[in-house]
Amino acid sequence: GNFDPVVVSKMIQEHFGKVHDGNPIPKMYTDEPVQTGQRRVLVKRPSKTSLMGIAFKCVHGLHKDAIAFTVLQRMLGTPKTNPFEDLKMKGIVHDVMPSFERMRDPYLFQIWVTTNRPTEASLTQAEEAVFETLHSFEVQSKHVEQAKKSIENAWNEELESTRSMAMAINEAIARGDAFDV
């Protein structure tokens, strides 16, 4: 903008100079109970569809493997590399949506699955098919390159607005490192 940085710096110091630093953010503020096995919950509601969430314990957002999980999420969710397309074509699932977010604390890698039938049998069939697909999915360099390109395109789009860039910086700060943006 059109302003004198010296004048603005003096104004900031005058109005905010007496504000003291807050307490440091705790390293880990959530203690989860020890995970001893799989957890399942079934909720029945009147519907013409069903939704299943499969979640795996994962790393925190600044962990070196967080980027690999981001790439995996893109590989499993991008049309060109999505191994679940065959399940959609066969009508076993309506959609499969992988999700991973880089958070401050260890988080989850999630796979959300929808079906066109609201039955336990359709959920069981979908779950078996999704796990079979995951076990047989072979990562190829073209999958990785397409996922990286997808991430790069999303980042470039994010850079196009100051609002999006500010949000990205805020997310990095919330993860624990402003420079992680």
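Here is a walk through this predicted model, from its strands and helices to its pockets and a few loop residues.

Let's start with the sheet, and with S3 in particular. Strand S3 covers residues 108–115, and it is mostly tucked away, with six of its eight residues buried. On one side, S3 pairs with S1, the strand at 50–57; the two run antiparallel and are joined by eight bridges. If you want a landmark for that pairing, look for Phe56, which stands opposite Phe109 in S3.

S3 has another partner too. Strand S2, residues 95–100, pairs with S3 over six bridges, again in the antiparallel sense. Two neighbouring residues of S2 make handy reference points: Met97 has Trp112 of S3 as its bridge partner, while Pro98 is matched with Ile111. Those two S2 residues also belong to opposite faces of the strand. Pro98 sits on the covered face along with Val96 and Phe100, whereas Met97 is on the uncovered face with Asp95 and Ser99. So as you step along S2, covered and uncovered residues take turns, as the two lists show.

What does the sheet meet on the helical side? Helix H2, residues 66–77, is a good place to look, since its buried residues pack against S2 and S3, as well as against helices H4 and H5. The residues doing that packing are Ala66, Thr70, Val71, Gln73, Met75 and Leu76. It helps to keep the helix geometry in mind here: an α-helix has 3.6 residues a turn, so residues three or four places apart point the same way. The length of H2 checks out as well. Its 12 residues, at 1.5 Å each, should span 16 Å, and because the end C-alpha atoms are 16 Å apart, the expected and actual spans agree.

H4, one of the helices that H2 packs against, runs from 120 to 136, and Thr133 is found in it. Is Thr133 buried or exposed? Its relative accessible area is 12%, and because buried means under 20%, Thr133 counts as buried. Setting aside neighbours within four places in sequence, Thr133 is in contact with Pro83, Phe84 and Leu87.

Now for the open spaces. The largest pocket holds about 1,200 Å³. It is lined by 33 residues, and the ones closest to its centre are Arg39, Arg40, Val41, Met52 and Gly53. Three elements give two or more residues to that lining: S1, S3 and H4. The largest share comes from S1, which supplies eight residues. By character, the lining splits into 14 nonpolar, 11 polar and eight charged residues.

The second largest pocket, at about 710 Å³, draws on another set of elements. Here the helices H2, H5 (141–158) and H6 (162–175) each supply at least two lining residues. There are 20 lining residues in total, and nearest the centre you will find Thr70, Arg102, Trp155, Glu158 and Arg175. Thr70 should ring a bell, being one of the buried residues of H2. This lining divides into 10 nonpolar, three polar and seven charged residues.

Finally, a look at some loops. The one between helix H1 (5–16) and S1 contains Val43, and Pro33 lies in that loop too. How do these two fare for exposure? Val43 has a relative accessibility of 57% and Pro33 a relative accessible area of 55%; because exposed means over 50%, both count as exposed. For a sense of distance, Val43 is 26 residues from Phe69 in sequence and 29 Å from it in space, C-alpha to C-alpha. Pro33 and Ala174 are 141 residues apart along the chain, with their C-alpha atoms separated by 24 Å.

The loop between H5 and H6 is home to Leu159. At 40% relative accessibility, Leu159 falls in between the buried and exposed cut-offs, so it counts as partly exposed. Its C-alpha atom is 23 Å from that of Leu72, a residue 87 places away along the chain.

Note on methods
Residues numbered from 1 in each chain as written. Predicted model: local features only at pLDDT ≥ 70, side-chain atom pairs only at ≥ 80, totals over all residues. Heavy atoms only, no water. 1 Å grid on protein atoms, 1.4 Å probe; cavity = no way out; pocket = protein on both sides within 12 Å on 5 of 7 lines; lining within 4 Å. Points joined across faces, edges and corners; volume = space filled by probe spheres on them. Helix = DSSP H or I, 4+ residues; strand = E, 2+ residues; numbered from the N terminus. Nonpolar A, V, L, I, M, F, W, Y, C, P; charged D, E, K, R; others polar. Buried < 20%, exposed > 50% of the residue type's maximum accessible area, 1.4 Å probe, protein only. Pairing = 2+ DSSP bridges. Expected span 1.5 Å × (residues − 1). Contact = heavy atoms within 4.5 Å.
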